[in-house]
Every structure is written in C-alpha cells, then in structure tokens.
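Please look over the sequence and the model shown below before reading on. The report is meant for a reader who has not met this structure before.

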Amino acid sequence: MAAIVRLSSVCHRGVKPLFYRSSLLSRPLVAQQKDQDCPYPLTARIHGSSSLYAGSGSKAASLHWTGERVVSVLLLAMGPAAYYFPGPAVDYSLAAALTLHGHWGLGQVLTDYVHGEPKIKMANAGLFLLSTVTFAGLCYFNYNDVGICKAVALLWSK
C-alpha cells in the first residue's frame with residue numbers, strides 16, 4: 001500500500017509550519033503489488049483530521065465512551081456508599097453497574113480478538129446471554145440472600 005502524507009492534514013487549521021514547502025510536505029510512499037502485473041503504483045491518502053471525514057456514528061461512539069466513563073466513576077463512588085449505606089437500593093445499583101461495566105469491557109475484548117461475521121455474531125450473543133445471567137443472578141442474590149453490600153462486609157469480617 002502507499003500513502004501521501006501531508007503535514008497540513010496533521011496540523012491544526014491556521015497553524016503554518018516553519019519550513020512550508022510543498023516538496024517537503026507531500027512525500028508519496030509507493031509499493032507495487034507482487035502477485036499481479038500492475039503497471040501503476042497503488043496510492044492512498046492518510047488523513048489526520050477525523051472531523052473532516054467522520055461518519056454518522058461518531059456522535060454515538062462519543063456518547064458511548066462518555067457513558068463508559070460515567071459508569072466507571074459511579075462504581076468508584078458506590079464503594080463508599082455501599083459501606084456507609086448498605087441496603088437494597090445500593091445493592092441493585094451495584095448489580096446494574098457491575099453488569100454493565102463488565103458487559104462493555106468484555107465487548108471490547110470481543111471487538112479486539114474475534115474476527116469473522118459468524119464468529120462475531122455468536123460471540124455477541126454469548127456476551128448478551130452472559131450479561132443477562134449475571135444481572136439475573138445478582139438480582140436473585142440481592143432478593144433471596146443478604147445482598148452484595150452485606151456479603152462483601154461478611155467477607156471482610158472473617
């Protein structure tokens with residue numbers, strides 16, 4: 001593959017480089033395909049500014065990232081809340097937040113390591129099943145047993 005890298009695409013708008021020469025800024029990297037008889041080089045462009053070429057899903061991805069950070073910070077705050085105010089509201093909030101945090105984390109692992117359309121669909125179905133069973137199990141534990149907060153307190157007391 002080949003690329004033409006332009007410094008103007010990496011710099012912010014309005015910022016001029018010190019040595020602004022077109023011969024220095026545009027350097028083609030050319031590579032031939034080995035298996036085909038192709039007389040012309042393959043070229044492509046690398047764009048550094050994602051805002052110019054962002055798709056429609058960029059807003060959703062940004063909101064998802066923000067949601068992940070909010071849940072992570074809430075989990076940090078729920079630790080002291082669970083210690084000082086143990087009860088059903090904190091137990092069920094912990095069950096939901098822990099399940100959602102684990103679901104998103106394992107989803108990222110699947111995104112990184114599972115390739116191929118059928119494998120991705122099966123992995124996502126398994127992830128949803130695991131998350132559902134986890135949330136149901138935590139809710140069952142909260143309703144029929146001592147709850148998450150008191151269970152952790154009992155573990156620490158021994």
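What follows moves from the overall layout to the packing of helices and then to single residues.

**Overall layout**

The structure is a predicted model, and the protein in it has 6 helices and 3 strands. Read from the start of the sequence to its end, these elements follow the pattern β-α-α-β-β-α-α-α-α. The protein has 158 residues, of which 19% count as buried. When contacts between residues at least 6 apart in sequence are considered, 60% of them join residues at least 24 apart.

**Helices H3 and H4**

Two packed helices are described by the angle between their axes and the distance between the axes. Helix H3 spans residues 58-84, and helix H4 spans residues 88-113. The axes of H3 and H4 cross at roughly 140 degrees and come within 10 Å of one another, which makes H3 oblique to H4. In this pair, H3 passes H4 in a left-handed crossing. On the H3 side the contact is formed by His64, Gly67, Glu68, Val71, Ser72, Leu75, Met78, Ala81 and Ala82, and these meet Val90, Ser93, Leu94, Ala97, Leu98, Leu100, His101, Trp104 and Gln108 of H4. Sorted by character, the residues of this contact between H3 and H4 comprise 11 nonpolar, 6 polar and 1 charged.

**Helices H4 and H5**

Helix H4 also packs against helix H5, which covers residues 117-144, at an angle of about 165 degrees and with the axes 10 Å apart. Because of that angle, H4 is roughly antiparallel to H5. Here H4 passes H5 in a right-handed crossing. From H4 the contact draws on Asp91, Tyr92, Ala95, Ala96, Thr99, His103, Leu106, Gly107 and Leu110, while from H5 it draws on Ala123, Asn124, Leu127, Phe128, Leu130, Ser131, Thr134, Phe135, Leu138, Cys139, Asn142 and Tyr143. The residues of this contact of H4 with H5 divide into 13 nonpolar, 7 polar and 1 charged.

**Single residues**

The table gathers the relative accessibility of several residues that are taken up below.

| Residue | Relative accessibility | Class |
|---|---|---|
| Histidine 101 | 37% | partly exposed |
| Tyrosine 113 | 66% | exposed |
| Tyrosine 84 | 59% | exposed |
| Serine 131 | 12% | buried |
| Leucine 100 | 33% | partly exposed |
| Isoleucine 120 | 33% | partly exposed |

Some of these residues carry an annotation in a database record. The UniProt annotation "binding site", from an unreviewed entry, covers His101, and UniProt also lists Tyr113 for "binding site" (unreviewed entry). Histidine 101 lies in helix H4, and the place of tyrosine 113 is in helix H4 too. Histidine 101 counts as partly exposed because its relative accessibility is 37%, and once its neighbours within four places in sequence are left aside, histidine 101 is in contact with Val71, Ser72 and Leu75. Those three residues are among the ones that H3 brings to its contact with H4. Tyrosine 113, at 66% relative accessibility, counts as exposed.

Leucine 100 is likewise found in helix H4, where it is partly exposed at 33% relative accessibility. The C-alpha atoms of leucine 100 and glutamate 68 are separated by 8.8 Å, although the two residues are 32 residues apart along the chain. Both leucine 100 and glutamate 68 appear in the contact between H3 and H4.

Serine 131 lies in helix H5 and, with a relative accessibility of 12%, counts as buried. Leaving aside neighbours within four places in sequence, serine 131 is in contact with Thr99 and His103, and those two residues belong to the H4 side of the contact with H5.

Isoleucine 120, also in helix H5, is partly exposed at 33% relative accessibility. Not counting residues up to four places away in sequence, isoleucine 120 touches Val114 and His115. The C-alpha atoms of isoleucine 120 and leucine 110 are separated by 7.6 Å, with the two residues 10 residues apart along the chain.

Tyrosine 84, finally, is found in helix H3 and is exposed, with a relative accessible area of 59%. Tyrosine 84 and cysteine 149 are 65 residues apart in sequence, and their C-alpha atoms are 9.7 Å apart in space.

Key. Residues numbered from 1 in each chain as written. Predicted model: local features only at pLDDT ≥ 70, side-chain atom pairs only at ≥ 80, totals over all residues. Heavy atoms only, no water. Axes fitted to C-alpha atoms, helices over the stretch in contact; angles between N-to-C directions. Helix = DSSP H or I, 4+ residues; strand = E, 2+ residues; numbered from the N terminus. Parallel < 35°, antiparallel > 145°, perpendicular 65-115°, else oblique. Left-handed = near helix turned anticlockwise from the far one by under 90°. Contact = heavy atoms within 4.5 Å. Nonpolar A, V, L, I, M, F, W, Y, C, P; charged D, E, K, R; others polar. UniProt positions renumbered as here; feature names shortened; annotations may be inferred. Buried < 20%, exposed > 50% of the residue type's maximum accessible area, 1.4 Å probe, protein only.
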